[in-house]
Structure formats: structure tokens, C-alpha cells
Amino acid sequence: MRLMVTGACGRIGSHAVRQLLQAGHEVVGTDSMIHAGNLRELAKRIPVVAADVQDLGAMLRVLTDHRVERIVHLAAAIGDQFDTQPWGSYQVNLGGTLNVLEAARHAGVERVAMASTHNVYPKAYGEHGHPTWKPIAEDHPPDPWRPYAVMKLACEHMGRIYAAKYGVDFAAVRYAAYYGAERAIRRGKKAPDVLNRMILEAVEGTATNIERGGEQVFDPVYIKDCAHGVIRAALSDGKRGGRVYNIGGGNPVTLNQAAAAVRRVLPAARIEVGPGADFSPEGEGYHPPLDITRARTEIGYEPQFTLDAGIADCARELEVLLGRK
Ligand SMILES: NC(=O)c1ccc[n+]([C@@H]2O[C@H](COP(=O)([O-])OP(=O)(O)OC[C@H]3O[C@@H](n4cnc5c(N)ncnc54)[C@H](O)[C@@H]3O)[C@@H](O)[C@H]2O)c1
């Protein structure tokens, strides 16, 4: 199969490229900023085209030049700055996705699979919050509170319309917060980066002190499983018809349990976690774990990494990124 990956130079995008090549597919990567950092050795193995998703003509040219059959659409404007720049988020995340869909329609592409977010769901509450933490399923009413998530939700709905009316099959994956070396190395201090931080500091040999939140449950998913999930959405048999799929780690844990896993895998880790059921520094609450039953049954998604295996892999990759191996 010939696929275009948008956002190919990004963190998840580079893993998607790697996994698609390993499975024997042909890939053309596109990105607005060509930077080989995440792609590493892959930059020499595939064509990587500088193409902004805001440019419909550029998208169409790549699809026709490379006779693309399916698209993995990961390009996005992410980051807190877009919460104060909703117009920028609109142009890239909604406008860009519409360009990808429209280009796919004109080029006869079979399916677009795109990355959405758990941010479309409400923050954890009721049975989905403390202490029961019932995983949330896709048919739960959305309640996005960030411009980014509003755009992603609009994209999901537009994708459904393209699938129903314009002959481009579509699926979206809603990611839980992921951990992975490419993200850990950015030294994020935000709540979703808590596991990234524990792994990075353990690898660097520094102590981690998290003031509170040891009993809070969260849903860590490894970056390579994010790539695996969107690939299953792109390649699974049959029509997806605009369905959305939760992609979580399948094994929600408390922060204390996550810290214990890091200590198990990296015995030199020095991690202290305080009590309580909210580890977000701003006390802003957190998203519930994701129910991945639909992804398991409809697209054959199965997390490839247990928490321990993901932490070990992440630590290995961090050693490489830090130039130690
Ligand atoms: N938990 C979550 O909900 C969650 C978390 C992370 C990522 N995601 C989604 O997964 C996808 C990949 O995220 P990531 O973490 O790999 O992000 P990333 O920032 O590492 O990668 C995104 C890539 O898109 C490119 N890009 C940005 N604007 C573009 C444009 N206008 N045209 C073309 N390319 C452009 C960037 O250069 C970057 O290489 C995104 O769609 C993101 O929204 C969801």
C-alpha cells in the first residue's frame, strides 16, 4: 500500500513512518518543517516533501505524484500557545484537515486516518473520576474546552461527512496522553508529562519529587502504540465510515503504580510521590482513562507495550537521544 504521512517529521509521525516501512508499505512523508531529528535514519529512505497542510494544491500534488492510496494525517498545531491563538489552531487543525480530505477526494484516495484527542471528552467526573475511574467510551458526549479539541472534534465530524457523501473513507483516533523519549526530552512540567519526567530524571540520575497525586489514576499510552493505533485505523479491513477510536494504554494505573514501574525497570530511580488524587500542578483535573474495546474489536488495535516494556524502551531511546549510546 502507498501511504502519505502528514506530520512525518513529528514525534508520532516518525514512528508511524518506521512501522509502515517495517510492514512493507511505501511511504511519502510531508511536513511543513523538514527536520530529520525524529526521522533519524528514515530521512534517507523515504521521500519527505515540504508541504503545508494549509496548501490544498501542495497536498494534491503529493497525492497524485506519489499515487497515494491512504493517508495517515498527523500534522497539527499543538501546544498551549494555540489556546491563546484559536485562529491559528483553526487554520492548521481544521482548515488543514479539510484540505487533506478535499485533496484526498480529488486524488481518489481510499481512506484518511487522523489523530484526534482525549481532550474532546470532559475532565474526569462522576463514575469516570475518583475513586472509580471508569474508562470512558467513544459514545460519551464530548465536551471540549480547548480550541485545539474543538477543532479536532469538528474534523471528526467533517471526516464522517466525507465518508458518507464524498467517497473518502475516514477514521479518527483519540489519543490518551502519551509517553515517549521524544516527548520526555522536552522536559515538560505539565500534568500529562508526569511519567515522561519520571523516566527522563531516572535516566539522567536526578531525583523526582512530585508533591501530590499518588492515588490518581491515569492512562499512559506509549508513543509507539499511538503510531500502531493510527496505522490500524488507516489499514484495517472494511470501511471505517467516519468512526472514532480511543487509543489508550489499556492498563490505567495510579501515579504510585507508575512510579513503582519506573523503579522496577530503572532500579536507580529516586522518585517521591505525595498523597492525594490530583497530581496536576494547577489542580485542573484530568481526563479519565480510555475504554479501548471498540479499537480492539473493530480495527484490531492491541497495545504492543506493557507499562514496564514501554518504560524500558523509552529509557533506551532516551539514552540514544541524550547521546550516551
Ligand atoms: N493526547 C492527545 O490527545 C494527543 C497527544 C499528542 C498528539 N496528539 C495528536 O497526534 C498528532 C501527532 O502529534 P505529535 O505529538 O507527534 O506532534 P508533533 O508536534 O511532534 O508533530 C506534528 C508535526 O506536524 C507538523 N506540522 C505542524 N503544522 C503543520 C502544517 N501546517 N502543515 C504540515 N505539517 C505541520 C510539525 O512540523 C510536526 O512535525 C497530532 O495530530 C496531535 O494533535 C494527540
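This is a short walk through one protein structure, from its overall form to a few chosen residues and the shell around its ligand. Please keep in mind that the model is predicted.

I'll begin with the whole chain. The protein has 325 residues, and a compact globule with that many would have a radius of gyration near 20 Å; the value here is 19 Å, so the two agree. Along the principal axes, the C-alpha atoms fill a box of roughly 55 × 45 × 40 Å. The secondary structure consists of 10 helices and 13 strands. Half of the chain is covered, in the sense that 50% of the 325 residues count as buried. If we take contacts between residues at least 6 apart in sequence, 80% of them join residues at least 24 apart.

Next, the core. The largest nonpolar core holds 102 residues, and the members that touch the most others are Ile199 and Val230. Beyond its sequence neighbours within four places, Val230 contacts Ala16, Val72, Leu74, Ala113, Ala115 and Val173.

Two of those contacts, Ala113 and Ala115, take us to strand 5, where they sit on one side together with Arg111 and Thr117. The other side carries Val112, Met114 and Ser116, and the residues on both faces are all buried. Counted as a whole, 7 of the 7 residues of strand 5 are buried. What is next to this strand? Strand 4, residues 70–73, runs parallel to strand 5 and is joined to it by 4 bridges. One pairing to look for on screen is Arg70 with its bridge partner Arg111 in strand 5.

Let me stay with Ala115, which lies in strand 5. Why does Ala115 count as buried? There are 28 other C-beta atoms within 10 Å of Ala115, and the cut-off for buried is 20 or more. Leaving out residues up to four places away in sequence, Ala115 touches Ile12, Leu74, Ala76, Val173, Tyr175 and Val230. Arg174 is 59 residues from Ala115 in sequence, yet their C-alpha atoms are 6.4 Å apart.

Arg174 belongs to another strand, so to speak of it we move to strand 6, residues 169–175. Strand 6 pairs with strand 11 in the parallel sense over 5 bridges. Within that pairing, Ala171 has Arg243 as its bridge partner in strand 11. Strand 11 covers residues 243–247, and because 5 of its 5 residues are buried, the rest of the structure largely encloses it. Its side chains alternate: Arg243, Tyr245 and Ile247 point one way, Val244 and Asn246 the other.

Asn246 leads to a loop residue, Leu290, since the residues touched by Leu290 include Asn246, Arg174 and His118. Leu290 lies in the loop between strand 13 and helix 9. Is this loop residue buried or exposed? Leu290 is buried, with 26 other C-beta atoms within 10 Å. For a sense of distance, Leu290 and Gly167 are 30 Å apart, C-alpha to C-alpha.

Last, the ligand. There are 28 residues around the ligand, and those that come nearest are Gly7, Gly10, Ala75, Ala76 and Thr117. By type, the shell divides into 15 nonpolar, 10 polar and 3 charged residues. Helix 1, helix 3 and strand 5 each supply at least two residues of the shell. Helix 1 gives the largest share, 3 residues. Strand 5 is therefore worth finding again on screen: 7 of its 7 residues are buried, and it also contributes to the shell around the ligand.

How values were computed:
Residues are numbered from 1 along each chain as its sequence is written. This is a predicted model: local features need pLDDT of at least 70, side-chain atom pairs count only at pLDDT 80 or more; totals for chains, interfaces and linings use all residues. A residue is near a molecule or strand if its C-beta atom, placed from the backbone, lies within 6 Å of it. Ala, Val, Leu, Ile, Met, Phe, Trp, Tyr, Cys and Pro count as nonpolar, Asp, Glu, Lys and Arg as charged, and the others, Gly among them, as polar. A residue is buried if 20 or more other C-beta atoms lie within 10 Å of its own, exposed if 12 or fewer, and partly exposed in between; C-beta atoms are placed from the backbone. Two residues are in contact if their C-beta atoms, placed from the backbone, lie within 7 Å. The radius of gyration is taken over C-alpha atoms; the globule rule is 2.2 Å times the number of residues to the power 0.38. A nonpolar core is a set of buried Ala, Val, Leu, Ile, Met, Phe, Trp, Tyr and Cys residues joined through C-beta atoms within 7 Å. Two strands pair if DSSP finds at least two bridges between them.
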